[in-house]
Amino acid sequence: MDVSIKKSGGQIANAIIIPMIVVVISAVIGIFGLLHWSARLSDENARQSEQTLIAGALQITQNYMVKQQTGVVVWDKAFHIVNEASSDPSWIYSNMTHWLFQTYGFTRSILFDKDYQVQHAYAQNHRFKWLTPQAIDQLKPAIAKVRARYITSFSKTPSGLFRFTPNDIGTRNSIAESGVILLGADPYVFSAAAVMPQIQSISNKRTPPAVLVSMAPLRGEKLKNILEMTGLDSFVLARQQIDREGVGQYLLRSPRGTDVGLIAWHASQPGSQMMNRINPFLALAALMIAAVVIAVVVFTRQMTRRLARSEARAVHTSRHDALSGLPNRSSFHTLLKDALEEGLTEGTGTAVVYIDLDHFKDINDTLGHSAGDKVITAVAQRLRRVLPASGIVARISGDEFAMVLKGCESDEWLDYILDQVQDEIGRPIMIGSRELFASLSMGAAIAPRDGDDPDELLRKADIALYDAKANGRGRRSFFEASMELHVQSKDKLSRELRLALQNDQLDLAFQPQSDSMVKRIVSVEALARWTKEDGTAVSPSLFIPVAEETGLINELGMWVLNKACAKAHEWPGITVSVNVSPNQFKHPRFVEKVMAVLAANSLPPHRLEIEVTESVFAGRNDSVLKALRRLKNLGVKVALDDFGSGYSSLSYLRRFPFDTLKIDRDFVSDMNGNAEAEAILVSIIQLGKALGMTIVAEGIETADQVDFLQSHGCHRLQGYYISKPLSEARLKTFLQDFDPPYQQGLSVTFPARSRAV
Ligand code: C2E
Ligand code: MG
Ligand code: MG
């Protein structure tokens with residue numbers, strides 16, 4: 001059971017927990033991912049804005065250079081000198097290139113003439129060959145733009161001349177382009193401006209300009225300015241890209257688009273900083289979530305396991321009997337069905353055994369329900385112990401059990417097992433200090449011989465049990481087809497008996513009992529008779545057990561008692577014996593009813609004798625003994641009937657002071673010439689006499705029996721030899737015929753055998 005609980009608990013837990021863990025982990029990963037993504041985004045934004053900042057600062061620096069250069073390039077004099085056929089290099093040096101160095105720190109300058117040739121080059125502290133075709137090539141696009149803008153600044157006059165009218169000539173702005181180029185290993189910021197007149201000029205053709213390119217190294221002063229403008233940290237110029245986290249980079253490109261180098265700085269990375277700050281909290285949150293998840297997992301597992309356990313318990317309870325712990329009726333049915341299918345596939349027999357605990361009601365009534373419960377528990381334990389491992393035992397109802405025995409080989413095999421069951425149950429059961437002896441009646445049906453349907457087999461096992469009980473307790477029967485007929489006829493019989501009672505179709509016969517010495521009829525035994533409407537007589541040994549089983553015995557018994565007491569007046573001085581079954585004593589007011597009948601018929605109690613059999617002691621039914629004692633105290637005589645027929649125990653004689661002991665007719669019939677039987681008979685007579693009882697011998701059929709019993713002092717005789725049971729009318733005649741010779745003679749001459757009724 002435990003394994004299945006774990007399994008189903010685990011399954012339920014997995015069904016809940018796994019999706020839950022997946023959802024939680026996904027949510028945590030999602031949140032963490034989102035945070036990291038937005039941090040990266042914010043880093044990227046910061047980097048971009050820092051790049052924009054640098055681009056702006058660089059542009060400002062370039063614009064400023066353009067402005068500084070303006071004084072030299074927008075100058076009539078310079079325009080004329082530069083464009084003269086034989087320009088003066090020293091003038092250009094001192095007024096333009098060197099002046100620009102001295103004033104603004106332009107360390108290098110190149111003057112391109114209108115034909116795009118290097119007219120003049122200036123370098124301060126040059127340690128390398130800087131004026132290379134590559135350097136000029138980098139500048140080309142900027143110079144081309146300046147030349148183009150310059151040319152397009154000419155407008156044609158109506159006279160066909162060209163007027164040089166740059167848009168903002170009045171504000172002394174130059175036509176310039178600026179940018180960065182690589183000279184040697186260093187980036188230089190440059191401003192390339194057309195050398196142009198200060199005032200509007202008119203010429204007959206559009207002449208391209210001379211262009212002065214003035215440069216200053218980016219490293220040093222300029223870079224410092226840019227750093228101050230941007231306010232960024234750890235500014236450096238680098239040649240190669242830096243693959244490092246947290247380094248911002250701004251690529252410098254020449255107008256030609258070639259790589260000039262880059263400005264690197266320590267990127268501010270607000271996202272990463274934020275992440276660094278919140279990472280410990282995130283870790284803590286992750287830990288807490290993990291702890292919560294683990295707690296939830298553990299809790300859910302426990303809950304589901306508990307749930308599964310209580311579910312299993314509920315299932316177990318619904319399938320088992322609470323007292324004995326055995327499977328109950330409904331689960332037995334399922335187990336039986338499975339066992340039958342198994343037997344069918346394996347080709348083996350399966351026995352179904354119904355078990356009834358004998359006289360369990362008596363145990364409950366006399367010793368109380370807790371004692372009854374203890375007996376049930378003990379029997380259940382013993383059945384389980386004695387059963388083969390593959391066997392099944394269940395509690396069907398109060399005192400009913402059922403077993404399934406798989407692999408039933410033969411009737412002998414089953415007999416052997418049931419012997420063991422009976423032996424085990426037969427051992428004393430201790431209830432407190434009391435020893436109880438339980439016995440079982442068992443009925444068995446075997447598949448496939450008696451059928452293979454569970455219901456059919458159970459019904460047949462029940463019929464067999466019924467048969468076992470009918471043959472006396474502590475027995476067992478295997479189902480036979482004839483039993484079914486028997487049960488059916490019993491059902492019919494009980495219905496007919498009920499009708500016969502209602503329609504007053506029963507009658508009484510009276511069998512006289514004679515005193516063995518005085519030769520006088522001293523008593524008559526009332527015996528119930530039933531003749532059906534079709535004339536068939538039904539024997540009391542058939543219908544009395546049926547009446548007992550159906551409870552009709554109470555009604556029938558009272559009818560007999562009433563009628564016997566009513567008739568007793570017709571035979572003054574003679575006792576009337578009435579048979580009373582143990583079940584009649586179960587009626588709580590039985591004694592009161594007897595008293596009422598005696599009173600109603602004005603019959604003195606000593607004229608009535610109650611006959612009970614030994615079965616009255618079964619189950620130590622104290623309430624029956626109590627009722628018998630009350631009757632005896634009232635003066636009613638009590639006889640022990642059929643002594644020696646059942647499990648005779650002399651202890652019965654000590655437990656209740658019977659007035660009369662009726663020796664069973666089997667002892668008398670066994671007697672003829674059998675020394676052992678005679679010895680037993682004699683000792684019973686002596687024992688009874690020693691206990692002060694009147695001894696009656698039943699079933700006297702021969703004169704020899706009369707002689708023997710007379711000679712051993714048996715008090716009374718009853719049997720066909722004296723008289724068969726007689727009808728009321730015939731008894732009257734019999735008594736008249738019988739009495740006279742008895743009162744005088746010593747010799748015994750009994751009348752001719754009378755006809756039985
Ligand atoms: P029982 O009380 O032992 O009654 C004696 C039985 O022995 C009677 O059978 C009777 O006919 C028979 N009998 C008497 N003398 C002889 C004989 O010499 N030879 C043979 N073979 N039989 C003899 P019956 O009338 O068939 O009754 C059978 C049993 O039915 C009775 O046995 C008694 O236990 C029960 N019974 C009869 N009437 C009643 C009744 O009204 N109430 C109850 N509770 N049981 C009754
Ligand atoms: Mg009797
Ligand atoms: Mg008898």
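Here are some exercises with worked solutions on a predicted model of a protein with bound magnesium ions.

**Exercise 1. Find the domains**

Task: Work out which stretches the protein is divided into, and how far apart the centres of domain 1 and domain 3 lie.

Solution:
- Start with the bounds: domain 1 covers 52–266, domain 2 covers 329–479 and domain 3 covers 505–743.
- Now take the C-alpha centres of domain 1 and domain 3, and you get 152 Å between them.

**Exercise 2. Look around magnesium ion (ligand 2)**

Task: List the residues that coordinate the magnesium ion (ligand 2), then say which parts of the chain E525 and D641 tie together.

Solution:
- Hunt for the donors: E525 (OE), N579 (OD1), E611 (OE) and D641 (OD) coordinate the magnesium ion (ligand 2), at 2.0 to 2.2 Å.
- Write down their spacing in sequence, and you get E-x53-N-x31-E-x29-D.
- Next, place two of them: E525 sits in strand β20 (residues 521–531) and D641 in strand β24, so this pair links parts that are 116 residues apart in sequence.
- Buried or exposed? Both E525 and D641 turn out to be buried.

**Exercise 3. Meet the neighbouring ion**

Task: Do the same for the magnesium ion (ligand 3), and find which residue coordinates both this ion and the magnesium ion (ligand 2).

Solution:
- The protein donors here are D641 (OD), D642 (OD) and E698, which is listed twice through OE, and they lie 2.1 to 2.4 Å from the ion.
- Along the sequence, the donor residues follow the spacing D-D-x55-E.
- Compare that with your list from Exercise 2: D641 coordinates both ions, which are 3.8 Å apart.
- Where do D641 and E698 come from? D641 belongs to strand β24 (residues 637–643), while E698 is in the loop between β26 (694–697) and α21 (703–711), so the two join parts that are 57 residues apart in sequence.
- Check how covered they are. The cut-off for buried is under 20% relative accessible area. D641 has 6% relative accessibility, so it counts as buried. E698 has 9%, so it counts as buried too.

**Exercise 4. Follow the chain into α21**

Task: Name the buried residues of α21 and say what they pack against.

Solution:
- Go through the helix and pick out Q705, V706, F708, L709 and Q710 as its buried residues.
- Look at what touches these buried residues: α19 (665–671), α20 (675–690), β26 and β27 (716–717).
- Keep going just past the end of α21, and you reach G713, with a positive phi of about 80°.

**Exercise 5. Two pairs of crossing helices**

Task: For α7 with α11, and then for α12 with α13, decide how the helices are arranged and which residues make the contact.

Solution, α7 and α11:
- The axes of α7 (residues 329–346) and α11 (residues 454–470) come within 10 Å and cross at roughly 110°.
- Angles of 65 to 115 degrees count as roughly perpendicular. That makes α7 roughly perpendicular to α11.
- On the α7 side, the contact uses F332, H333, L336, K337 and L340, and on the α11 side P454, D455, L457 and L458.
- Sort them by class, and you have six nonpolar, one polar and two charged residues.

Solution, α12 and α13:
- The axes of α12 (residues 481–502) and α13 (residues 540–550) come within 10 Å, crossing at roughly 85°.
- These helices are therefore roughly perpendicular to each other.
- From α12, K490, L493, S494, L497 and R498 meet L542, F543, V546, A547, E549 and T550 of α13.
- By class, this contact has six nonpolar, two polar and three charged residues.

**Exercise 6. Spot the odd backbone**

Task: Describe the backbone at Q269, at D504 and at the bond from A447 to P448, and say where each residue pair or residue is found.

Solution:
- Keep the usual case in mind: most residues other than glycine have a negative phi, and most peptide bonds are trans.
- Q269 isn't a glycine, yet its phi is positive, at about 45°. Q269 sits in the loop between β11 (259–266) and α6 (270–319). With 17% relative accessibility, Q269 counts as buried.
- D504 isn't a glycine either, and has a positive phi of about 55°. You'll find D504 in the loop between α12 and β19 (506–515). At 53% relative accessibility, D504 counts as exposed.
- Finally, the peptide bond from A447 to P448 is cis, with omega near 5°. P448 lies in the loop between β17 (440–447) and α11.

Technical notes:
Residues numbered from 1 in each chain as written. Chains lettered and ligands numbered in written order. Predicted model: local features only at pLDDT ≥ 70, side-chain atom pairs only at ≥ 80, totals over all residues. Heavy atoms only, no water. Axes fitted to C-alpha atoms, helices over the stretch in contact; angles between N-to-C directions. Helix = DSSP H or I, 4+ residues; strand = E, 2+ residues; numbered from the N terminus. Parallel < 35°, antiparallel > 145°, perpendicular 65-115°, else oblique. Contact = heavy atoms within 4.5 Å. Nonpolar A, V, L, I, M, F, W, Y, C, P; charged D, E, K, R; others polar. Domains from an automatic or database assignment. Donors = N, O, S within 2.8 Å, 3.2 Å for Na, K, Ca; no water. Buried < 20%, exposed > 50% of the residue type's maximum accessible area, 1.4 Å probe, protein only.
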